[in-house]
Every structure is written in structure tokens, then in C-alpha cells.
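Q: Pick one spot in this model and walk me through its surroundings. Start small, then work outwards to the rest of the complex.

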Amino acid sequence: MIEMNNVYKTYPNGVTALNGVSIKIEQGEFVYIVGPSGAGKSTFIKLIYREEKPTEGSILVQNTDLVTIKEKNIPYFRRNIGVVFQDFKLLPKMTIYENVAFALEVIEESPRNIRKRVMDVLETVGLKNKARFTPNELSGGEQQRVSIARAIVNHPKIVIADEPTGNLDPETSLDILRTFESINAKGTTVLMATHSKALVNEFKKRVIAIESGIIARDEDRGEYGYEI
Amino acid sequence: MKFRTLSRHIKAGSKNIIRNGWMTVASIGAVTTTLILVAAFLALVLNLNEMANNIEDDVQINTLIDLTATQEDVLALGEQIKEINGVESVSFSSNDQELEKLISGMGEEGDAWNMFEQDNPLNHVYVVKAANPENTEPIAAEIEKFDHVEKVVFGQDVVDQLFTFNNYARVIGLVLIAALVFTAIFLISNTIKITIMARSREIGIMKLVGATNGFIRWPFFIEGLLLGVLGSVIPIACILVGYYYLDNSLAGTVSFSFVEVLPFNPFAWQLSLLVLAIGALIGVWGSVMSIRKFLKV
């Protein structure tokens, strides 16, 4: 569960990204975050995985108070959250298998567990047969599926995706969305910031629109609502 | 920390060292240069100290007693000297004993003094030792004021000069070494900074998936440690080989007791250990500096 109360975020350079945001997202929801560029979507997302700290207000994620959380506890908190980016953030010198296993190695999983879970998750995203490839040998859509695999290999309660289809063609985007839907079907909360009108309008979900740092719309089964 | 994790960190740290190529060479070179100078300086200062201490231990005040003094006067003088603050021991040496010492100390040439055995021109002497050698001079001044003291002789000058020289050497050496150590630390921290930059993507992902700060830091910490330790290999070899030859060649040629250098075993080993520790410290310090600055985890 994610709960924000009257959250403000002003960056040190004086730019105010969020201007009093209150929202509640229940466990297992699928939510699109939409809005013009620079409206505060990325800040909204960064606050949830505690990349940024609010200037004012309170944030509760998975019963963790992200305002008072101690620095040293942030890594443990992050293990509950999977994050996917537009640019995949894969390590080019590692194989697909290693890229996914990396996420488990750095949280000191046992080698036996790592092997099993990585192969399982690669099967989930349909890339089991490409485990030995490097990211550069894969298409954009496949690379994004690897990064999704990495995000969910630790069985997080929440998956956050910041424009995951931004670099992908419509067909591949559809593919990625289906992957997120299947993750969501298993009870994982999915938050997806997107500029894809087609996806939002075709696969109706809850839509939260952020404009100029405030929540302009919050609709169940909403529309994208912007041109382009 | 689990053994598996530690071995992962060591592997990652070693990989960084190889990956950084010339920066690694430069850092190790800086540590090597620094440590060779540190070792040479330490060997010099510690040996000078030892020599000064040796000589200082031998420093005694020879109180020459007036030839006209009666036996009572001599005994009274002895009591007076004993009462001075800081005097450790007072021993009487008669003129005959003094002559004997003189003759035996001069070897064959001393034979010429044999003729004086009938008519000894020397004074009776009180040999005074100060508890703290640094007090030799004031004690000597005190003794000089007493009656029946003809002359006070002591060898403090040599010791003073040696200590003065030693102090200068120490100050100059320390300044020089501090500058070198900072250069080495700076180079190491830069090398590690490069690693951190090169691996910023990896670090970002590690943070994202919940690696602890300690976990992220360890490989850089190990890289610094390795740079420092590798940098101390050549200096240690220099110490062991160099000191071995120095010790051997000096032992053969110089016979004065006070220029005896500290023995190879254990001194060279202790010095090597110290140099290794300083190298490791420089490496760790350098890495900690850049981790703090560039790795805001």
C-alpha cells in the first residue's frame, strides 16, 4: 500500500515539483501515472522508492514511513520495490542471466536460490533461451523484459515503471504491458508512468494525472486525456 | 560478513585494479616512492636515536678533586654530591685507578705513562651519573661550585649535537613524508574515483535493487587497500636487502660502540611491518576519501 499526505517537493535549485499531493494506492492495483513532461511524474515515482525525500508531508509505503526512515534502512526498504526504466539500465558486459542474478547477488542471496529464481523469472518474461546472450544481442523489447525480470526477481510487492515503453515500438509496448499485467495478476502493485495514449486508452486502469505538481485527475478506468 | 560475500568483494576490488591500468601503476608508484623514503628516514632516525641513547648512557661527570684536599674533604665532597637532586650514582676513583685506566686505554703508547706510577700527577675523581642524562649539565654546574673541586669534565656536547641533528632530521623528514603521504593518498583517491565513475551505472543499479551501502563500498575499500599493500612490496624488499648489507658492512668496519646500528633481526622485520601498515593505511585512507566524496550511497 502506498499513501501520500499533502506531499510537497522543492529541489535545492528552487524548482517545486510537487505541490501538495495526497493519494492512496491499495495493494494489487494497476495505476497509470500520466501528465505532461516536467509535471512531476518522475518526482512522484522517485518519492515512492525513496530516491527523493519530500520537503513536506508524509509518505507511507508498505507500512514504512519514508520521511523518518533511517538512511541505513533504505536498502532493505528498496528490496520490496522493483523499478523499471525507459533506458533499461542493464550492464552491457554481463549476460542476461548475470544481469538478473546481479540483483540477487548484491542482496547476498545464496547461490542456489539465485540460480533457481533467475531461471524462473527468465521463463516468466519469456527469455529463458536467451540467458547467455548479452544485452546488445537483444532487441529493445527483449532488453526491457530483462530489466523487468531483474525488477521482479526478488518478488517485490510493488513494481514501479518510469516510461517503460518510451523507447519501444507500439507492438513491443503492448508486449511489455502484457508482462506487467501478468505480474499484477499475481497481486503485485504496478505503477506505470507513461506517455502512451494508446496503451492507457486500450487497457483501462486507474489513471492518476499529475499537472504542475498537483493531482489533476484520479479516475478508475480513466482515459489518457492528453493529445499525443 | 559471509565468506562468499567477502570473496566477491575481493574479486571485484582486484578486477578494478587491473581495469584501471595506468592509474593503478601511478598510485602504486606513488605509494612505493613514499614508503621507500619513509623507510629510509625511519631507519636513519631510529638508528640515530639509538646511538644518541647509547652515548648518553655513557655520559658521566668526572669530578676532578683538588690535589690539596684531605681525606675528610674528599669524603665530605662525596656526601655533598650524593645529595644533589637527580644524581643516580657517585663512585670514587683514586688517582692510581685513574692512571691505570689511562695506561690501559692507550694501549702500547700508554706504557710511556708507567714512569708516573711513582709520582702520580693525576687527581682523585668522583664519577657521577645523572638519573636523567639531560640533567647532566645542571648537575655538573652544581658540583663545580663545591670546595675542593678542581674541574668538572663531561661529554655532553657530543650528545647535545647528536640530539639537535636528530631533531632537525626528524622535523624535515616528517614534513617531507607528510607531503609524500598526501600525494599518495590523493593519487589513490583519484584512481578510485575513476573506478567509481566507470562503474556508476553498476552502482546505481545496486542501489536500486537494495544493496546496502557497506556492500557497495567494500570493493573500493579493498581496491585502496590492495593499492597500498602492493605499493609496499618494493619498499619492503629494499629494506630487507639494503639493511642486511648495511648491517653486515658496518659490523665489519666500524668498531666504535656507539655507531653500532640496530641489529637486522628484529629491526628490519619490524620496519617492514611498519611500512606495510603505513602502505595499507594510505590505501584505505585514499579510498575512504573518494568513497565519501563520490559515492553518496
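**A close look at A:Asn6 and what surrounds it**

A: A:Asn6 lies in strand β1 of chain A, where strands are DSSP runs of E with at least two residues, helices are runs of H or I with at least four, and both are numbered from the N terminus. Bear in mind that this is a predicted model: local features need pLDDT of at least 70, side-chain atom pairs count only at pLDDT 80 or more, and totals for chains, interfaces and linings use all residues. Residues are numbered from 1 along each chain as its sequence is written, while chains are lettered from A and ligands numbered from 1 in the order in which they are written.

What catches the eye is the backbone: A:Asn6 isn't a glycine, yet has a positive phi of about 50°. A:Asn6 is partly exposed, having 13 other C-beta atoms within 10 Å. For the scale used here, 20 or more other C-beta atoms within 10 Å of a residue's own make it buried, 12 or fewer make it exposed, and anything in between is partly exposed, with C-beta atoms placed from the backbone. A:Arg221 shows that backbone feature too, with a positive phi of about 50° and again no glycine. A:Arg221 sits in the segment after β10 (214–219) of chain A, and with 9 C-beta neighbours inside 10 Å it counts as exposed.

Back to the strand itself. β1 covers residues 2–10 of chain A and runs antiparallel to β2(A), with seven bridges between them; strands are called paired when DSSP finds at least two bridges. One such bridge links A:Glu3 to A:Lys24 in β2(A). A:Lys24 is exposed, with 12 C-beta neighbours inside 10 Å. The C-alpha of A:Lys24 also comes to 5.7 Å from that of A:Ile2, although 22 residues of chain separate the two.

Zoom out a notch and you get an open, antiparallel sheet of four strands in chain A, ordered β2-β1-β4-β5. β2 (16–25) and β5 (64–65) are the edge strands, each with a single partner, so one side of each has no neighbour in the sheet.

Chain A as a whole holds seven helices and ten strands. Of its 228 residues, 42% are buried. Contacts here mean C-beta atoms, placed from the backbone, within 7 Å; among those in chain A with a separation of 6 or more, 67% join residues 24 or more positions apart.

For a contrast with A:Asn6, try helix α5 (residues 140–152) of chain A. Its 13 residues reach 19 Å from first C-alpha to last, close to the 18 Å expected, the expected span being 1.5 Å times one less than the number of residues. Ten of the 13 residues of α5(A) are buried, so the helix is largely enclosed by the rest of the structure. Among the buried ones are A:Gln143, A:Arg145, A:Val146 and A:Ile148. Their cover includes β6 (81–85), α3 (96–105), α4 (111–124), β7 (158–162) and α6 (170–185) of chain A.

Then there's the partner chain. Twelve residues of chain A meet 14 residues of chain B in the contact. On the chain B side, α7 (200–208) and α8 (213–231) each supply at least two residues, and α7(B) gives the most, with six. That side divides into six nonpolar, five polar and three charged residues, taking Ala, Val, Leu, Ile, Met, Phe, Trp, Tyr, Cys and Pro as nonpolar, Asp, Glu, Lys and Arg as charged, and the others, Gly among them, as polar. Within α7(B), the buried residues are B:Ile203, B:Ile205, B:Met206, B:Lys207 and B:Leu208. Just after α7(B), B:Gly210 takes a positive phi of about 95°.

How far can you trust all this? The predictor gives the complex an ipTM of 0.84 and a pTM of 0.69. Chain B averages a pLDDT of 80, with 92% of its residues at 70 or above; pLDDT is the predictor's confidence in each residue, from 0 to 100. Among the elements of chain B, α8(B) has the highest mean, 87, and α4 (residues 95–106) the lowest, 77.

Note on methods:
Two residues are in contact if their C-beta atoms, placed from the backbone, lie within 7 Å.
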